[in-house]
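Dear colleague,

I am passing on the structure we spoke of, with the sequence alongside. Please read the notes below with the model open beside them.

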Amino acid sequence: MGYPPGGRGYRLRDIKSLHFFNSSNVIFDENIPYQALHRPPVNPIDYSSLPFLPPIDSAPTVPCLSSCTDSTVSVSSVAQSSASNSAVAQSSSSNDPISSSCPVDSSSVSSPCLVTDGDLDAPELVSDINSPSSPLIPILVEPVTPVRDSVPHSSLPPTPDPIRTLPRRSSSRERRPTERGSFHARLVEASVQHREKLRVNREAREAEGSSTGAPDAGPAVPVHLDNDNPFASLCCMGALDDRPLRDCPISHLTVSLDVEDYLSRDNDALWESTLLSVRSDIRRVPSSPGYDMSIPPANYAEAMARSDADEWRKVVVKELEMLKSMGVYVDDVLPDGVNAIGCRWVLEFKLLEIGGPPIYKARLVAQGFSQIPFVDYDATFAPVAKSVSIRFIAVYAAIHAWHLECFDATRAFLWGDLTETIYMRCPQGYSSPFKGVWRLLKSLYGLKQASRVWYKLLCSVLEKLGFNRLEFDHAVFIFKRWWGGGNVHCLLGMHVDDGLGGSNSSEFLRFIKEEIGKAFGIKDLGPVKEFLGVQFERDLGTRELWIHQEPYIDALLDEYGLINCNPVSTPIDVAHPFGRETDIHPIIPNLVTAFQRLIGSLLFIQRHSRPDISVAVLLLSQHCSKPSSCHFAAAKRVLRYLSGTRSLRLHYGGTSSGASLYGYSDADWAGDKVTRASTSGFLWTMAGGPISWSSKTQTCIATSSTESEYVALTRALQEGLWLRASLAYLQLPCPTPLIIATDNEGARSLSENDSSHSKAKHIDICYHFIRSHIESQTFQIVHTSGITNPADILTKPLHRLKFLEAVERLGFAIR
């Protein structure tokens, strides 16, 4: 509404509440006409008693100029701005006083002069208005010629008495339009042409529809936009609809808008901003228009209503026959007072190769959420191999030139026997002999105890084959004994039903996979290339290993529409981690779910192959419970960083590299500006590359940088103890003592002696156990420069140059 004097910001009006307020956070959208934001009143207001002219929409006619002709009329419009408002002044042609009124072409006449309340504050202006003798001095401007013929004179109502125009003080100087005035005149002409184009297109569409005899399409389908969006609210209220040309003179037109075009673009942008992939659990109606057959059905009823119902029926029957052949269930009658859990079908497409035909897959899962604790199940925990253990097996096998292969157990959860009696309702598509229920004999997908039953069965099979379970990771198994005429050493890591094994004997690996296949069937995947979404590349000649997740990153970028995005050099901005307060972000539907899902994907990448995004993921994950749009935009920035660095790989090994461990520790004191908590970071390297890393906020508030570094050093030593004990249990060589480097001399001194007791007496005793390990010489703390400490990247955001140097020190390589 203008820029008020004496204040800061623009004067705005809320579209919904109609209240006025000031704000400096304003974005001008030149596509929205100002005139379209205001509807004319239902009951016209009488302006006859006011000292200024009525608004444009309320004036039925305009005064005629005595020099008007049938063909061309001189029109002028000069904008005058003051500190508080603006008024549009208009006059007739050169020095001819207004003597009479006659019907004229309303499309070629500009609006009369308007006076606002601020203009009435000037005494000389009021005196001029009240003075009947004040002459009317017209303003000469270049005429604006209409692009098309206007409304005929015969269609106009009779002209009433002349409306008084604002008298102006005499001036001997002839006024001509300024450069800005000429620009606005050309803008008005362009708007007339654009509106004419819209009218012609609309008439063409109507003529085409009437000529083809197409039936009425019915009411328009509303566009579902966010009600909090002001522009969406205007569109829903019809405030931006095109007005008929005969209702508004051409000279009064502003820059028009193709509303359908704009709504289409806005709707597309809204869907692009959601960045949510389509999931098969979204229930849809196959008979609805626009139904996408490439998306698998959400349930059995939807599958049977599709055109490919026969294909889904085949895979459902195949799954039921497989469950019957494995003895998973028997038909039974539900006893009185016993709970029967439910079940559902999970239907999905599986692609064997990109661009190939989809394979229909169906799996029956139990609804374990209806199980009763301590009745239908007891313990449910089942361990899986840690990401550090998987990397350790791969790195150790690479530097010793071992064979490294992987396999996948088929139908893993269907092999274990249940110890509890569980009844389940019959699934859809199954005909029970006596309309009863299923009594489950074996484990089934979806049961609370299904994973634990499978893990216990796997342990029993591996123990029979001579494996021992690693006590420091219960999903890692070791075999080291005489077999087949030689000393065989094998490491096996299991993640649910996926196994990764490294051994110095390829015959033993083949034997193990055959024996496991006899117990519960496996799919032999051969030498490892991909395991759990992580890519492994080896060079057997140089004993080198590269670990990366480039295909997963590409799939993630494709899902969020960032394949061809502009990359950034750092995952998070140092000055504005979550953007500036003035940044405008799109509205994200289901923001909490979308943000948590994106953070989970980033966390998966960070834990397995990209320690350089640890700080960014740490800061973003702190807002998972209540994120905002700025946090989602910051997470997308991490994706843009991964887009530009997708070729980075963790590099291990080489002919000169050994298996020695080396640790680094660092801390960012009071880095959190809200809680003043510090951030700990540590990095353990093996064979020249990172094997274990962490970035975590400290639970205690440190009173000094020495204290925060001391706490971080303790966490690094805890991880070193686990790595050292794992090597010892695996009967692998381990250097003594293990070296941990820190860039804080005070923390190193505090860990070796108690010379600063007065400054450290309040530190919890759980952080002082480091001294006992240093005294026993199992660990040694050394000092390193803060500039060369690779753990610095795990504690705080860094500027571009420092960040790029830290990435090189982490052990990344481009291949």
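A salt bridge is taken here to be a side-chain nitrogen of Lys or Arg lying within 4 Å of a carboxyl oxygen of Asp or Glu. With that criterion, a search of the whole structure, which is a predicted model, finds 14 salt bridges. I describe several of them below, and then turn to a sheet and to two surface patches.

Salt bridges

One of the pairs sits within helix α6, which covers residues 309-325. Here Asp310 forms a salt bridge with Arg313, and the closest N and O atoms are 2.9 Å apart. Because the two residues are three apart in that helix, about one helical turn separates Asp310 from Arg313. Asp310 counts as exposed, with a relative accessibility of 51%, and Arg313 is partly exposed at 35%.

Another pair is made by Lys513 and Asp524, whose closest N and O atoms are 2.8 Å apart. This pair links distant parts of the chain, with Lys513 in helix α9 (residues 506-520) and Asp524 in strand β16 (residues 522-527), 11 residues apart. The environments of the two partners can be stated as well: Lys513 is buried, its relative accessible area being 10%, whereas Asp524 counts as partly exposed at 48% relative accessibility.

Glu537 and Arg649 also form a salt bridge, the closest N and O atoms being 3.7 Å apart. Glu537 belongs to strand β18 (residues 534-539) and Arg649 to strand β20, so this pair ties together parts of the chain that are 112 residues apart in sequence. Glu537 is partly exposed, with a relative accessible area of 22%, while Arg649, at 5% relative accessibility, counts as buried. Beyond the individual pairs, salt bridges that share partners join Glu405, Lys513 and Asp524 into one network.

The sheet

Strands β18 and β20 also belong to an open sheet of five strands, which runs in the order β17-β18-β19-β20-β26 with antiparallel pairing. The edges are occupied by β17 (530-531) and β26 (812-814), and each of these has a single partner strand, so one side of each is left without a neighbour in the sheet. Within the sheet, strand β19 (residues 544-548) pairs with strand β20 (residues 648-653) in the antiparallel sense over four bridges. For Trp546, the bridge partner in β20 is His651. As a general matter, the strands of a sheet pair through backbone hydrogen bonds, in either a parallel or an antiparallel arrangement.

Surface patches

Which residues form the positive surface patch? They are Lys318, Lys350, Lys361, Arg363 and Lys523. Of these, Lys350 lies in strand β7, which spans residues 343-351, and counts as partly exposed at 38% relative accessibility.

There is also a nonpolar surface patch of about 340 Å², made by Tyr3, Tyr10 and Phe28. Tyr10 is found in strand β1 (residues 10-13) and is partly exposed, with a relative accessible area of 31%. That value lets Tyr10 enter the patch, because patches are made of residues with over 30% relative accessible area and no salt bridge.

With best regards

Key:
Residues numbered from 1 in each chain as written. Predicted model: local features only at pLDDT ≥ 70, side-chain atom pairs only at ≥ 80, totals over all residues. Heavy atoms only, no water. Patch = residues over 30% accessible without salt bridge, like charges linked within 9 Å, V, L, I, M, F, W, Y side chains within 5 Å. Areas by Shrake-Rupley, 256 points an atom, 1.4 Å probe, with all protein chains shown as cover. Lys, Arg positive; Asp, Glu negative; His and termini not counted. Charge placed at Lys NZ, Arg CZ, Asp CG, Glu CD. Buried < 20%, exposed > 50% of the residue type's maximum accessible area, 1.4 Å probe, protein only. Pairing = 2+ DSSP bridges.
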